[in-house]
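Let's take a walk through this structure together, one piece at a time. Keep the sequence at hand so that you can find each stop along the way.

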Amino acid sequence: MNSYNGNNRYSAFPVDFFNRADDGLDATFYSSPRFVTHIDEAAIRCIGELYEELEIRGTVLDLMSSWVSHFLTTPKELVALGMNQQELQQNQAAASWMQQDLNVNTLLPFADSSFEAVVCCVSVDYLTKPLEVFDEVHRVLRPGGKFVNTFSNRCFPTKAINGWSRTDDEGHARIVAQYYNLTGPWENLQVQRRTEFGHQGDPVYALWADAT
Ligand SMILES: C[S@@+](CC[C@H](N)C(=O)[O-])C[C@H]1O[C@@H](n2cnc3c(N)ncnc32)[C@H](O)[C@@H]1O
């Protein structure tokens with residue numbers, strides 16, 4: 001159990017931090033499939049290499065997933081959870097998929113300790129109730145399991161939370177670190193820029209921690 005309870009944890013953030021320019025249903029925004037990649041090839045490779053380095057394998061949940069999950073080695077059993085059915089059906093790495101709006105229902109439909117790892121790629125900025133979702137990720141992870149968040153400097157601006165839009169890459173890392181610090185409890189939190197300083201393409205930032 002963490003030492004915070006309920007919505008009091010959100011007092012750490014400004015009042016309109018989790019509002020968005022487009023406050024319409026995510027189901028509407030994501031109703032048409034987008035068979036695109038949201039970061040360039042080098043960034044995708046960088047994230048795949050991070051998953052290799054962290055030995056993200058076994059039973060894995062790809063949270064806020066689409067038609068690609070960026071693994072260099074496909075996990076033994078990958079579950080993809082996202083918004084668009086057609087994208088998820090095309091995810092070749094996923095053994096199964098499910099459609100769920102995490103901004104409507106933050107409860108993950110899995111038993112406690114179901115996964116060895118959870119990843120969330122270039123999507124954490126769309127969560128309007130991130131603390132509930134991070135707690136749920138902690139619940140469905142086995143003790144010692146990793147929750148890996150990666151992001152770059154691009155997004156769907158109308159769907160990102162205001163707090164994200166108002167700051168820069170380092171600010172984004174601080175936001176995600178705060179999510180870990182307010183949930184869990186997690187241990188061994190790592191915060192890294194994975195691409196070199198001055199990198200010409202899409203930068204990659206990563207945060208990960210172990211469930212206790
Ligand atoms: C920028 S895309 C990234 C997709 C994928 N993770 C990747 O690396 O290419 C954002 C993803 O977040 C998912 N998403 C956005 N809002 C969501 C929500 N409220 N609940 C669940 N998934 C959501 C969408 O389905 C979409 O696939």
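Let's begin with what covers the buried residues of helix H2, which includes strand S4 (115-121), strand S5 (141-151) and strand S7 (205-211). A few words on terms: helices (H or I, at least four residues) and strands (E, at least two) are DSSP runs, numbered from the N terminus. "Buried" is for a residue with 20 or more other C-beta atoms within 10 Å of its own, "exposed" for one with 12 or fewer, and "partly exposed" for anything in between, with C-beta atoms placed from the backbone. One more word of caution: this is a predicted model, where local features need pLDDT of at least 70 and side-chain atom pairs count only at pLDDT 80 or more, while totals for chains, interfaces and linings use all residues. Residue numbers run from 1 along each chain as its sequence is written.

Which residues of H2 are buried? They are Ala43, Cys46, Ile47, Leu50 and Tyr51. Looking down the axis of H2, you'd find these buried residues within an arc of 140° (the arc of the directions from the helix axis to the C-beta atoms), so they line one face of the helix. That fits a general pattern: an α-helix has 3.6 residues a turn, so residues three or four places apart point the same way. H2 itself covers residues 41-53, 13 residues in all, and reaches 18 Å from its first C-alpha to its last, close to the 18 Å expected at 1.5 Å a residue. The expected span here is 1.5 Å times one less than the number of residues.

Just past H2, have a look at Glu55, in the loop between H2 and S1. Its phi is near 55°, a positive value in a residue other than glycine. For background, most residues other than glycine have a negative phi, and most peptide bonds are trans. Glu55 is exposed, with 11 other C-beta atoms within 10 Å. Now compare Met64, which lies in strand S1. Met64 also has a positive phi, about 65°, although it is not a glycine, but this residue counts as buried, with 21 C-beta neighbours inside 10 Å.

Met64 brings us to the ligand. How many residues surround the ligand? There are 18, and the closest are Met64, Gly82, Met83, Leu102 and Cys121; a residue makes this list if its C-beta atom, placed from the backbone, lies within 6 Å of the molecule. Sorted by class, the shell has eight nonpolar, eight polar and two charged residues. Here Ala, Val, Leu, Ile, Met, Phe, Trp, Tyr, Cys and Pro count as nonpolar, Asp, Glu, Lys and Arg as charged, and the others, Gly among them, as polar.

Next comes the largest nonpolar core, which has 53 residues. Such a core is a set of buried Ala, Val, Leu, Ile, Met, Phe, Trp, Tyr and Cys residues joined through C-beta atoms within 7 Å. The members that touch the most others are Leu61, Leu63, Val118, Val119, Val137 and Phe147. Elements giving two or more residues include H2, strand S1 (59-65), strand S2 (77-82) and helix H4 (130-140), and S4 gives the most, with six. Leaving aside neighbours within four places in sequence, Phe147 is in contact (C-beta atoms, placed from the backbone, within 7 Å) with Val118, Val137, Leu141, Trp208, Ala209 and Ala211.

Leu141 lies in strand S5 and counts as buried, with 25 C-beta neighbours inside 10 Å. H4 is mostly covered too: nine of its eleven residues are buried, and these pack against S1, S4, S5, H6, S6 and S7.

Our last stop starts at H6, which has 14 residues. Among its buried residues are His172, Ile175 and Val176. After H6 comes Gly184, with a positive phi near 90°. The peptide bond from Gly184 to Pro185 is cis, with omega near 15°, and Pro185 sits in the loop between H6 and strand S6 (186-193). Both Gly184 and Pro185 are touched by Thr212, as are Pro143, Trp186 and Glu187, not counting residues up to four places away in sequence. Thr212 is found in the segment after S7 and is partly exposed, with 13 other C-beta atoms within 10 Å.

Key:
Contact = placed C-beta atoms within 7 Å.
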